[in-house]
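Dear colleague,

I am handing over the structure we spoke about, with the sequence alongside. Please look it over before reading my notes underneath.

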Amino acid sequence: MFHIGRLSTVDLEEEITPEEVKSFLHQLFFFLKMRTNKTLLLDYDNSENQLFLEEERRMSHMGFRCLEITRWVICGLIGFLTGLIACMIDIAVEKLAGYKYLAVKQNIEKYTELGGLSISLILWAVLNSAFVMLGSLAVAFLEPIAAGSGIPQIKCFLNGVKIPRVVRLKTLVIKVFGVICSVAGGLAVGKEGPMIHSGAVVAAGVSQGRSTSLKKDFKIFEYFRRDTEKRDFVSAGAAAGVSAAFGAPVGGVLFSLEEGASFWNQLLTWRIFFASMVSTFTLNFFLSIYHGKPGQLSSPGLINFGRFDSDVSSVFIVFRGVLGALFNIINYWLTIFRIRYIHRPCLQVMEAMLVAAVTATVSFAMIYFSNDCQPLGQDNTEEYPLQLFCADGEYNSMATAFFNTPERSVRSLFHNPPGTYNPVTLGVFTLAYFALAVWTYGLTVSAGVFIPSLLIGAAWGRLFGILLSFIASSQSIWADPGKYALIGAAAQLGGIVRMTLSLTVILVEATGNVTYGFPIMLVLMTAKIVGDYFIEGLYDVHIKLQSVPFLHWDAPPTSHWLTAREVMSSPVTCFNRVEKVGRIVDVLSNTSTNHNGFPVVSDTTENDEPGKICGLILRSQLIVLLKHKVFVERASSRLSQRKLQLKDFRDAYPRFPPIQSIHVSQDERECMMDLTEFMNPTPYTVPQETSLPRVFKLFRALGLRHLVVVDNENRVVGLVTRKDLARYHVGKDGLEELHLAQT
């Protein structure tokens, strides 16, 4: 039982309004979820114990040069494999979607003359539902972490939060299979977000030189088997995924820096750029072979926006941050509804199939009732033109947007000549697709939000361009509507995900024209400013819904009045330099605390006062020591001849065995364990009076997992972790903290 305290800005002795109660309960829901979350954290601060220092000091200058070369080789492998996966996804989606649309097109043409188009509708809905059912079944029952785009999870990983199973081989397989089924199933999704997740999984696996899922160790890259090195390679994998999706190597680097990576260094920039370049080249090379044009590496990536001519010197800036904020707000409450009521796998699969069927029904109805007929030209680029009720030599313009993959629809909105769409068609399509995209994102399928956002923005951007030409007295002064489609697409995507610099470069690289850099940047900045006034970006919203201790760039404003004394957790479980094995086993087996870091102190005094800090040791290190029976008595009696090395810890990484799997006899419990050689003798410490922003900066800049708080005599008085910092956030009335005190 818990006694609910109060918010720091609310006095319970005063009268509380219903709005304050609602806000309090809402915060309580997320706080309790976070405190009971079993999510672990990553150790991005190397433990510089004696074993580590001895290995580093033995290594020559040439050894370090070889390690640096190996890092470049690994980044090249990451880019190559990510490009191959992107190529496979692109070909599979193209083939499956082509077969589906061809079958539905032939059926529609048949029953347009004979009557009974309802059969065509049923066929379309069944095919969509079948594809989506396969992808959703795989995600819901085999690997739920493969749902969505995966970008929020990768952001958490790079921030220092260990999301379970996020970089497993099984996750990659289900992710690739799921996104193929989702896109082929006609959902309002894209395959670009999952490509980022796929690249990250590839990086996490390749850099370790083994597969823990397949239980196969290639005995290579063993030096990189720690969280710090894996983090850098995962950053490269995420950038390679962006590069393969959009053909934007520089944009991939900037995406990894702006949206993904929480820690950065200059050397990492060039390695990530190299991985992105290799990824783009690999994709284009194999796609050119597949299309029978070897050597013609003209396709920028999975999304080929084509090249725009640069005849527009200025583009009118459209404010669409509000529309992006509306998308995020609706999706936020829809996701909360799913968390509460649609949490069983069978219900999740049924919802995904329902959305697929509704998407087909809405698309068919829009095409059926549309009378926007356009002539088929000699240079017609429509992939699946539908005549339906149009005259001979004409096609239904609404079908160009709905009866196609989202990528091809975006291209048609960008490049089709003026007059291809009428305003009513674009307006109805924008509203319908906006609703479908909001409903779709968050389903238990592998799917991204990049392309749906671009498609929505391209539609209303082109509509805006057409309306401008109607309003103006002279139509010649206005640019091609396709230019407004590009700017609208950028504004819509920026309003949803709040990317600025990286998205600008991605679109510039994808279009092949730097002329649009300034207007795109201006629109993205405006969309971000307007959208941030209402709600956070979509990825930040879903990170919040996962209730993980994610640390943003800066500490909450007005938090200088808090010190480490108020933030820290105490009392702290500490170990002595030479500790009894039985006590170590009991502490590690205590499921109520489940601590992962323990200060090592000098022997406590007779008054049971805390000892002076001597070092810090991790749960994973203690488990390896217990597994290998590194006891003082065994060393003195020469029962253990081999000295424990760093290789023993790397072999156990990252899936350290649970304490319950390690057998310790009653006699062994009485033995002693010397932690001096294995603990980090120089952990980061702060005085009790250190302000919260300073503590926050240490965590954020150094990638800390634990920060020891000491008094004036260097005695341990508390320990700060990410969950302690995550309690504080900015509310409507300023800095707020939710107190939970056990009675």
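What follows is a short account of the packing, one helix and one sheet.

Please bear in mind throughout that this is a predicted model. The largest nonpolar core has 72 residues, and those with the most contacts inside it are Ile 367 and Phe 450. Helix α16, which covers residues 450-471, gives the most to this core, contributing ten residues. Because domain 2 (50-107 + 147-290) and domain 3 (322-343 + 369-545) both give residues to it, this core lies between them. Leaving aside its neighbours within four places in sequence, Phe 450 is in contact with several residues, among them Ile 151, Phe 246, Phe 255, Leu 493 and Tyr 539. There is also a second, separate core of 42 residues, which includes Cys 87, Val 179, Ala 203 and Phe 233.

Turning to helix α10 (residues 266-290), its 25 residues should span 36 Å at 1.5 Å a residue, and its end C-alpha atoms are 37 Å apart, which agrees. Following α10 comes Gly 292, with a positive phi near 75°.

Further along the chain there is an open sheet of three strands in the order β13-β14-β15, with mixed pairing. Its edge strands are β13 (685-687) and β15 (716-720), each of which pairs on one side only, and neighbouring strands are turned by 30° against each other on average, direction ignored. Strands β13 and β14 (residues 707-710) run parallel and are joined by three bridges, with Val 710 in β14 as the bridge partner of Pro 687. Helix α27 (residues 692-702) lies across β13, β14 and β15, running at about 150° to β14.

With best wishes

Terms used:
Residues numbered from 1 in each chain as written. Predicted model: local features only at pLDDT ≥ 70, side-chain atom pairs only at ≥ 80, totals over all residues. Heavy atoms only, no water. Helix = DSSP H or I, 4+ residues; strand = E, 2+ residues; numbered from the N terminus. Expected span 1.5 Å × (residues − 1). Pairing = 2+ DSSP bridges. Axes fitted to C-alpha atoms, helices over the stretch in contact; angles between N-to-C directions. Contact = heavy atoms within 4.5 Å. Core = buried A, V, L, I, M, F, W, Y, C linked by side-chain atoms within 4.5 Å. Buried < 20%, exposed > 50% of the residue type's maximum accessible area, 1.4 Å probe, protein only. Domains from an automatic or database assignment.
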